[in-house]
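The exercises below ask the reader to work through a protein fold from strand pairing to individual side chains. Each task is followed by a solution in steps.

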Amino acid sequence: MRTFKLLFGFAVLATMFTSCYTEVIVQDDYTDPIPTVTLAEVLASHELWYVDINQSNANGEIPFMQMAFTLSFRNGTVYANNNLVGIGNEGYGYGIDVGYYDTYADVLEISHDLDGFNNFEVTQLNNKKLELYDRSRNLRYVLVGFQRSNFDYDMLFFDNIHYFLQEYVTWEKTYTSDFGQLNEFDNENFVQFLPGGGDGNFQSSQDGTGININDIWWDYTGIYNIDDVPGNNYLKYLTLDYDYLGNEYFELDVINDNTIELFHEASGTLYRFKGRGFIQLKNEKRKLRKSKTEIEKSMKKISVF
């Protein structure tokens, strides 16, 4: 479907004068070249293309598309923001180089560094929204265009914070407040967040801090869930649902890309954790984005807030 041509029609009036009479001639055979907007120009018209998983119709997965929060098409190179850690700063907001692309007519060819070649038929839905259709796999992805200056990186971060927790191999406890009652979570020094379950699975360990993260013995497992705090976009509720052991509830506050605080409401204790083992995502099966509908279908209702 070709939607990129901007059509203009012109009629040129030419007046010829002679010594005997004046004649007006309409030149029917004169046409200017028709200006067109190419697919390459449309892709370059927005610095960031947000991959809107919720609007996409994909009964299957193209890993690099399912992983990316944004894609950018710059002079033949494809950039992607796959990580929430550093988003807005990584690659000046574009993310990392993940491959290259080419266009002809309404077809976009992407060669991903790890996923290989992909061919999409592109339909322009409006002046800032595109549909990419992979006919061979019957997969459709919707992209929404933004400039870096008007893209809300913070909103993207906090709307997807459950993925942020998965971007480190583990979170190590670095601080326990003097205030608050003694409780079982005082003994846990590491928490690891993984895909699966509702928002995901978790493991926790009582191993001593400073240990090599490859040597951690995981004492407990379960699933975790994150809920919004009404009236506060930057604070979340975190529920750890332990297998056979019940639930622990926290207020989750992100201090920076490497530090989170957990306030244990039952005991009144505050904990601080730092991320260890950052995972740079390019093609990593541990984080493939799902639509809100898919998450809700798989989510175990464990929150009491």
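**Exercise 1. Strand β12 and its neighbours**

Strand β12 (residues 190-194) is mostly covered, with four of its five residues buried. The model under study is a predicted one.

Task: Establish which strands β12 pairs with, and in which sense.

Solution.

Step 1. Take strand β11 (residues 168-176) as one partner: two bridges connect β11 to β12, and the pairing is antiparallel. The register can be read from tryptophan 171, whose bridge partner in β12 is valine 191.

Step 2. Turn to strand β13 (residues 200-205), which pairs with β12 in the antiparallel sense over five bridges. Here phenylalanine 190 has serine 205 of β13 as its bridge partner.

**Exercise 2. Closing the sheet**

Task: Determine in what order the eight strands of the barrel follow one another, and identify the pairing between β11 and β18.

Solution.

Step 1. The order is β11-β12-β13-β14-β15-β16-β17-β18, with antiparallel pairing, and these eight strands close into a barrel. On average, neighbouring strands of this sheet are turned by 35 degrees against each other, direction ignored.

Step 2. Strand β18 (residues 269-278) pairs with β11 over seven bridges in the antiparallel sense. Within this pairing, the bridge partner of tyrosine 168 is phenylalanine 278 in β18.

**Exercise 3. The surroundings of strand β5**

Task: Explain why β5 can be called largely enclosed, and describe its pairing with β4 and β6.

Solution.

Step 1. Consider burial. Strand β5 spans residues 77-81, and four of these five residues are buried, so the strand is largely enclosed by the rest of the structure.

Step 2. Examine the pairing with strand β4 (residues 70-74). Five bridges join β4 and β5 in the antiparallel sense, and arginine 74 stands opposite threonine 77 in β5. The two strands form a hairpin with two residues between them. In that turn, asparagine 75 has a positive phi of about 50 degrees.

Step 3. Examine the pairing with strand β6 (residues 96-104). β5 and β6 run antiparallel and are joined by four bridges. Tyrosine 79 has aspartate 97 in β6 as its bridge partner.

**Exercise 4. Nonpolar cores**

Task: Identify which residues of the largest nonpolar core touch the most other members, and which helix gives this core its largest share.

Solution.

Step 1. The largest nonpolar core has 34 residues, of which Phe164, Leu165, Phe185, Phe193, Leu238, Leu240 and Ile260 touch the most other members. Its largest share, four residues, comes from helix α3 (residues 153-159).

Step 2. Apart from this core lies another, of 26 residues, which includes Ile53, Leu71, Leu139 and Tyr141.

Step 3. Follow one member of the largest core in detail. Leaving aside residues up to four places away in sequence, phenylalanine 164 touches Leu84, Val85, Phe157, Trp171, Val254, Asn256, Asp257 and Ile260.

Step 4. Relate this to a general tendency: in soluble globular proteins, nonpolar side chains tend to be buried together.

**Exercise 5. Three individual residues**

Task: Classify glutamate 167, leucine 139 and asparagine 232 as buried, partly exposed or exposed, and place each in the fold.

Solution.

Step 1. Glutamate 167 lies in the loop between α4 (161-164) and β11. Its relative accessibility is 1%, so glutamate 167 counts as buried, the cut-off being under 20%. A polar atom of its side chain lies 2.9 Å from the backbone nitrogen of valine 85.

Step 2. Leucine 139 belongs to strand β10 (residues 139-146). With 2% relative accessibility, leucine 139 counts as buried. Between leucine 139 and phenylalanine 120 the C-alpha to C-alpha distance is 9.3 Å, and the two are 19 residues apart in sequence.

Step 3. Asparagine 232 is found in strand β15 (residues 232-242). At 30% relative accessibility, asparagine 232 counts as partly exposed. Its side chain reaches the backbone nitrogen of leucine 235 at 3.2 Å.

**Exercise 6. The chain as a whole**

Task: State what secondary structure the chain contains and what percentage of its residues is buried.

Solution.

Step 1. The chain comprises five helices and 18 strands.

Step 2. Of its 305 residues, 46% are buried. The accessible surface comes to about 16,000 Å², and 49% of this belongs to carbon and sulfur atoms.

Step 3. Among contacts between residues at least 6 apart in sequence, 53% join residues at least 24 apart.

Key
Residues numbered from 1 in each chain as written. Predicted model: local features only at pLDDT ≥ 70, side-chain atom pairs only at ≥ 80, totals over all residues. Heavy atoms only, no water. Buried < 20%, exposed > 50% of the residue type's maximum accessible area, 1.4 Å probe, protein only. Pairing = 2+ DSSP bridges. Axes fitted to C-alpha atoms, helices over the stretch in contact; angles between N-to-C directions. Core = buried A, V, L, I, M, F, W, Y, C linked by side-chain atoms within 4.5 Å. Contact = heavy atoms within 4.5 Å. Areas by Shrake-Rupley, 256 points an atom, 1.4 Å probe, with all protein chains shown as cover. Polar contact = N/O pair within 3.5 Å; in protein donor to acceptor, adjacent residues only side chain to side chain.
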